[in-house]
Amino acid sequence: MQKVLIITYYWPPSGGSAVLRWLKFSKYLCQFGWEPVIYTPSNPEPQEYDESLLADIPDHLEVIKTRIVEPYSIYKFLTGKKKNERLGVALMNEGRKLGVIGRASLWIRSNFFIPDPRMLWIRPSVNFLIKYMQQHPVSAVVTTGPPHSMHLIGYHLKRKTGVKWMADFRDPWTNIDFYKELSLTRIADMLHHKLERKVLFNADRIITVSPGMTDEFRLMGSKNVTTITNGFDEGSTGVHNNISDKFSILHLGSMPRSRNPENLWMVLSDLIKADQEFSKLLEIRLIGKVDHSVMESLEKHKLSSFVRMESYIPHNATPQILSSSSLLLLCINNTPNAKGILTNKFFEYLSTKRPILAIGPEDGDAASILNESGAGKAFGYNEIVKLKEHMAELFRLFTTQNLSVNSVGIDKYSRRILTEQLSILLNQM
């Protein structure tokens with residue numbers, strides 16, 4: 001049994017999709033000859049809290065924690081947020097647009113805290129982990145980002161100790177969808193790219209969550225890049241039969257401005273006007289943080305009365321909620337890197353074998369998996385006519401109790417099989 005040190009900012013009881021990838025890998029790694037050791041902050045600023053995820057931590061797992069200094073308490077004070085209020089992801093604002101103080105705080109965060117506000121944890125973590133590794137040798141180090149400060153900890157550990165290092169990118173760095181909204185100075189932008197190249201060219205192995213992101217890094221000149229997608233845990237999923245009486249369209253997870261499916265709202269509004277039964281049975285269920293611009297869009301299309309919102313649900317409750325929905329909505333960011341986006345929830349959608357409707361590139365990675373598995377269909381951001389025909393057909397199937405899918409070939413996305421792929425890369429490294 002070889003030891004691998006996993007450096008991650010997100011760990012239970014923190015909740016949200018960022019936790020799941022390495023929590024699930026850690027759950028199964030011992031079955032393939034690797035014993036994980038987790039290094040994580042003792043006082044993080046989580047997106048959510050989810051104590052249900054604690055059940056997935058193996059009893060024998062060693063978790064090391066040290067304190068982190070972050071500027072978010074100052075940011076909350078300046079912007080009038082409560083001390084225990086969770087911050088939105090991807091520059092998302094659930095209230096109104098940022099005021100002067102909010103914009104100024106964003107500028108400071110973008111240009112002085114590079115690559116991210118967790119940068120102050122890099123040096124103390126490197127010093128601590130060098131001492132730890134002298135007393136407790138490990139065969140490899142894994143860093144997972146964002147936040148990309150985790151990768152810089154790995155970079156310095158490799159440079160100072162020679163340990164084998166794998167960098168895992170759950171999202172891109174300079175090609176992430178909101179990068180251009182950071183109001184970066186020319187110097188800050190150059191520094192981001194310089195640090196990104198340090199990681200891409202010095203890690204012994206790079207892994208990403210999608211073929212599109214892998215291609216991007218290869219075009220940048222990085223070698224030894226491999227895709228290991230996110231997936232679903234066979235131990236926590238299952239198909240249930242308690243389908244809602246409503247024609248329930250469910251979106252799980254955050255919905256920032258870049259994921260606002262304006263064409264879908266237009267189609268639903270038209271169908272409501274044309275079909276009284278559709279109007280009676282439609283339910284739009286949004287679970288997660290929703291940007292104010294999305295709410296404005298729903299109000300514009302007179303859909304607010306059909307919307308049912310919840311801020312967050314424990315992860316162990318999601319299989320039941322997903323499988324009871326009529327249709328699972330996947331919104332892919334309307335951004336230049338959209339083709340390579342494969343969100344964590346997409347694979348959990350697949351596991352429930354409910355129909356999936358994706359709004360995003362029809363030639364992207366998500367669309368490719370939908371076409372291959374038969375689990376659903378993707379429509380472009382500006383597609384109206386075909387989307388309307390598809391929605392009408394889905395509703396007809398719903399009213400005749402024939403709305404279902406027979407997904408094929410999705411077993412390869414189980415967390416256990418994906419962990420086996422990870423272990424092979426660790427062995428090779």
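**Entry 1: Asp168**

I started with Asp168, which sits in strand 7. Helices (H or I, at least four residues) and strands (E, at least two) are DSSP runs, and they are numbered from the N terminus. I looked up whether Asp168 is buried or exposed. Asp168 is buried, with a relative accessible area of 0%. For my own reference, buried means under 20% relative accessible area, exposed means over 50%, and partly exposed is in between (1.4 Å probe, protein chains only). Leaving out residues up to four places away in sequence, Asp168 touches Arg21, Trp22, Thr143, Thr144, Gly145, His151 and Ile207. A contact here means heavy atoms within 4.5 Å.

A note on what I am looking at: this is a predicted model, where local features need pLDDT of at least 70 and side-chain atom pairs count only at pLDDT 80 or more, while totals for chains, interfaces and linings use all residues. Residues are numbered from 1 along each chain as its sequence is written, and side-chain values use heavy atoms, with hydrogens and water left out.

**Entry 2: helix 1**

Two of the partners of Asp168, Arg21 and Trp22, made me turn to helix 1, where both are on the list of buried residues. Helix 1 covers residues 17-28, and 10 of its 12 residues are buried, so it is largely enclosed by the rest of the structure. Besides Arg21 and Trp22, the buried residues are Ala18, Val19, Leu20, Leu23, Lys24, Phe25, Ser26 and Tyr28.

**Entry 3: aromatic rings**

Back in strand 7, I checked Phe169. A pair of aromatic rings is described by the distance of the centres and the angle of the planes. Rings of Phe, Tyr and Trp (its six-membered ring) pair if their centres lie within 6.5 Å; planes under 30 degrees apart count as stacked, over 60 as edge-to-face and the rest as tilted. How many aromatic pairs does the structure hold? I found 13 of them. One is formed by Phe169 and Phe217, an edge-to-face pair with 4.8 Å centre to centre and 65° between the planes. This pair links distant parts of the chain, with Phe169 in strand 7 (residues 164-169) and Phe217 in helix 7 (residues 211-219), 48 residues apart. Both Phe169 and Phe217 are buried. I also wrote down an aromatic cluster made of Phe247, Phe278, Phe395 and Phe398.

**Entry 4: helices that meet**

Next I looked at helix 4 (residues 122-135) and helix 5 (residues 149-161), whose axes come within 9 Å and cross at roughly 45°. That makes helix 4 oblique to helix 5. The axes are lines fitted to C-alpha atoms, for helices over the stretch in contact, and angles run from 0 to 180 degrees between N-to-C directions. Angles under 35 degrees count as roughly parallel, over 145 as roughly antiparallel, 65 to 115 as roughly perpendicular and the rest as oblique.

Which residues of helix 4 and helix 5 meet? From helix 4 I listed Ile122, Ser125, Val126, Leu129, Ile130 and Met133, and from helix 5 Ser149, Leu152, Ile153, His156, Leu157, Lys160 and Thr161. The residues of this contact divide into eight nonpolar, four polar and one charged. In this count Ala, Val, Leu, Ile, Met, Phe, Trp, Tyr, Cys and Pro are nonpolar, Asp, Glu, Lys and Arg are charged, and the others, Gly among them, are polar.

Then I took helix 12 (residues 344-352) and helix 13 (residues 365-373), which pack at an angle of about 10° with their axes 12 Å apart. That makes helix 12 roughly parallel to helix 13. Phe346, Phe347 and Leu350 in helix 12 meet Ala366, Ile369, Leu370 and Ser373 in helix 13. This contact has six nonpolar residues, one polar and no charged.

**Entry 5: backbone details**

I looked for cis peptide bonds. One joins Pro12 and Pro13, with omega about 15°, and Pro13 lies in the loop between strand 1 (2-7) and strand 2 (14-15). The bond from Pro146 to Pro147 is cis too, with omega near 0°; Pro147 lies in the loop between strand 6 (140-145) and helix 5.

Finally I checked for positive phi outside glycine. Ser183 has phi near 55° and is found in the loop between strand 7 and helix 6 (186-202). Ser183 is partly exposed, at 42% relative accessibility. Asn224 also has a positive phi of about 55°, in the loop between helix 7 and strand 9 (225-227). Asn224 is partly exposed, with a relative accessible area of 46%.
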